[in-house]
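Trainee: Could you take me through one part of this model closely, and connect the details as you go? I would like to understand how the aromatic rings and the helices around them are arranged.

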Amino acid sequence: MTDIELYERVRQKDKQALEALYDRYERILYAFVMQLTKDRDLAEEAMQEVFIKLWRGGGVYDHSKGKFKSWLFTMSRHVTIDLIRKRKPDLQLDESYAEAIPSPAPSVETEVEWQEERTQIETAMAELPTEQQQVVRLMYFQGLSQQKIADACDIPLGTVKGRIRLALKQLRRHLSHDLIDKEVER
């Protein structure tokens, strides 16, 4: 079930859908808010507030404005900043200033998304037979041509092509549609 389908079911007060979204995003959101707060209690409180807000319909996701995951991270960021302000009213947070500063480093949200995608790819790769893993790694991670892979592995070119084709077919079954769509856009 997609994030949007789960979100729509949450809006209809389906507790199982909320649990499914929680299970899907709990670890990654916790890591994100922990980065912002550097405080375990505050991070746990922020997580609770995010999912309560989701359950109560606070903030409405609009798919035309971006991915559900990005919206959830943005909402988590705002909830966390509000909690920080409540606990530390003397702390001066200027969001507009902070957001206006260009950062050469990827945002925390981007890093967390990359880490999640990397984990998905590694998990999917581990499901492939060893000979398919080898040709995929040589082609996509080391940039070798199919002919060079055939020469390096001392196997016919047709075998290399067949292994890559089967590996890609199997990877498509294991990777999320969001990740495949993103890879196609790149």
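Mentor: What follows is a close look at the ring cluster around one tyrosine, and then at the helices and residues beside that cluster.

Please keep in mind throughout that this is a predicted model, and that every value below is computed from it. The count of aromatic pairs comes to nine. One of them joins Y7 and Y61, whose rings meet edge-to-face, with 5.8 Å from centre to centre and 85° between the planes. Y7 belongs to helix α1, which spans residues 3–11, while Y61 sits in the loop between α3 (40–56) and α4 (68–87), so this pair ties together parts that are 54 residues apart in sequence. Both partners, Y7 and Y61, are buried.

Y7 also has a second partner of this kind, since Y7 and W71 form an edge-to-face pair with 5.5 Å between the centres and 70° between the planes. Here helix α1 supplies Y7 and helix α4 supplies W71, so the pair ties together parts that are 64 residues apart in sequence. As for exposure, Y7 has a relative accessibility of 2% and therefore counts as buried, the cut-off being under 20%. W71, with a relative accessible area of 17%, is buried too. Taken together, ring pairs link Y7, Y25, Y61, F68 and W71 into a cluster.

From W71 it is natural to turn to the packing of its helix. Two packed helices are described by the angle between their axes and the distance between the axes. For α3 and α4 the angle is about 125°, and the axes are 9 Å apart. The two helices are therefore oblique to each other, and the crossing of α3 and α4 is right-handed. On the α3 side the contact is made by D41, L42, E45, A46, E49, V50, K53 and L54, and on the α4 side by W71, L72, M75, S76, V79, T80, L83, I84 and R87. W71 thus appears twice in this account, as a member of the ring cluster and as one of the α4 residues in the contact with α3.

Another residue of helix α4 deserves a look beside W71, namely K69. Although K69 is a lysine, its relative accessibility is 14%, so K69 counts as buried. Leaving out residues up to four places away in sequence, K69 touches Y25, E113 and E116; of these, Y25 is also a member of the ring cluster.

The loop between α3 and α4, which holds Y61, also contains G57. In contrast to the buried Y61, G57 is partly exposed, with a relative accessible area of 40%. The C-alpha atoms of G57 and V10 are separated by 8.5 Å, although these residues are 47 places apart along the chain. V10 falls within the range of helix α1, residues 3–11, and the same helix carries Y7.

A further ring is involved in an arrangement with a charge: the charged end of K13 sits over the ring of W55, at 4.9 Å from the centre of that ring. W55 falls within the range given for α3, residues 40–56.

To sum up, Y7 of α1 pairs with Y61 in the loop between α3 and α4 and with W71 of α4, and W71 in turn takes part in the contact between α3 and α4.

Conventions
Residues are numbered from 1 along each chain as its sequence is written. This is a predicted model: local features need pLDDT of at least 70, side-chain atom pairs count only at pLDDT 80 or more; totals for chains, interfaces and linings use all residues. Side-chain values use heavy atoms; hydrogens and water are left out. Rings of Phe, Tyr and Trp (its six-membered ring) pair if their centres lie within 6.5 Å; planes under 30 degrees apart count as stacked, over 60 as edge-to-face and the rest as tilted. Helices (H or I, at least four residues) and strands (E, at least two) are DSSP runs, numbered from the N terminus. Buried means under 20% relative accessible area, exposed over 50%, partly exposed in between (1.4 Å probe, protein chains only). A charge sits over a ring if NZ of Lys or CZ of Arg is within 6 Å of the ring centre and within 35 degrees of the ring normal. Axes are lines fitted to C-alpha atoms, for helices over the stretch in contact, and angles run from 0 to 180 degrees between N-to-C directions. Angles under 35 degrees count as roughly parallel, over 145 as roughly antiparallel, 65 to 115 as roughly perpendicular and the rest as oblique. A crossing is left-handed if the near helix is turned anticlockwise from the far one by less than a right angle, and right-handed if clockwise. Contact means heavy atoms within 4.5 Å.
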